[in-house]
Amino acid sequence: MKKNDMSYEQAVARLGEIVESLEKGNMPLSQSLTFFEEGTALIKYCTQLLDNAEQKVVMLKKGTDGDPVELPFEEET
């Protein structure tokens, strides 16, 4: 399955598989590097998905007229 066809959950599951395989330490260096590259690309993809989701999150607050007003999501610091 291509990375762009994966859901966030599928990408995280694949990352888990990669980490588990790399932790065993019993594969050739070339395959380890291939897995590392795939994992790095999946991390970037997951980060992008999370960033996009964060941008869609809004908080609703009552305006002065009592109607809900959409406010941008604010990060807690």
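Start by selecting Ile-43, which sits in helix α2. This is a predicted model. Ile-43 is partly exposed, because its relative accessibility is 48%, and partly exposed covers the range between 20% and 50%. Now add Leu-15 to the selection: the two C-alpha atoms are 7.8 Å apart, although 28 residues separate Ile-43 from Leu-15 in sequence.

Keep Leu-15 and move to Thr-40, also placed in helix α2, which runs over residues 29–56. Here the C-alpha to C-alpha distance is 9.0 Å, for a separation of 25 residues in sequence. Thr-40 has 41% relative accessibility and is partly exposed.

Next, select Arg-14 and show its side chain. Arg-14 forms a salt bridge with Glu-38, with 2.9 Å between the closest N and O atoms. Arg-14 belongs to helix α1 and Glu-38 to helix α2, so this pair ties together parts 24 residues apart in sequence. Glu-38 is partly exposed at 29% relative accessible area.

Stay on Arg-14 and add Glu-17. Their side chains meet in a salt bridge with an N to O distance of 3.0 Å. Glu-17 and Arg-14 are 3 residues apart in helix α1, so about one helical turn separates them. Glu-17 is partly exposed, at 44% relative accessibility. Viewed as a group, Arg-14, Glu-17 and Glu-38 make up a salt-bridge network; the count of salt bridges is 2.

Finish on the surface with Tyr-8, Val-12 and Leu-50, which make a nonpolar patch of about 240 Å². Tyr-8 lies in helix α1, residues 8–24, and is partly exposed, with a relative accessible area of 32%.

Terms used. Residues are numbered from 1 along each chain as its sequence is written. This is a predicted model: local features need pLDDT of at least 70, side-chain atom pairs count only at pLDDT 80 or more; totals for chains, interfaces and linings use all residues. Side-chain values use heavy atoms; hydrogens and water are left out. Patches are made of residues with over 30% relative accessible area and no salt bridge: like charges are joined within 9 Å, nonpolar side chains (Val, Leu, Ile, Met, Phe, Trp, Tyr) within 5 Å. Accessible areas come from the Shrake-Rupley method with a 1.4 Å probe; for residues, only the protein chains shown count as cover. A salt bridge is a side-chain nitrogen of Lys or Arg within 4 Å of a carboxyl oxygen of Asp or Glu. Helices (H or I, at least four residues) and strands (E, at least two) are DSSP runs, numbered from the N terminus. Buried means under 20% relative accessible area, exposed over 50%, partly exposed in between (1.4 Å probe, protein chains only).
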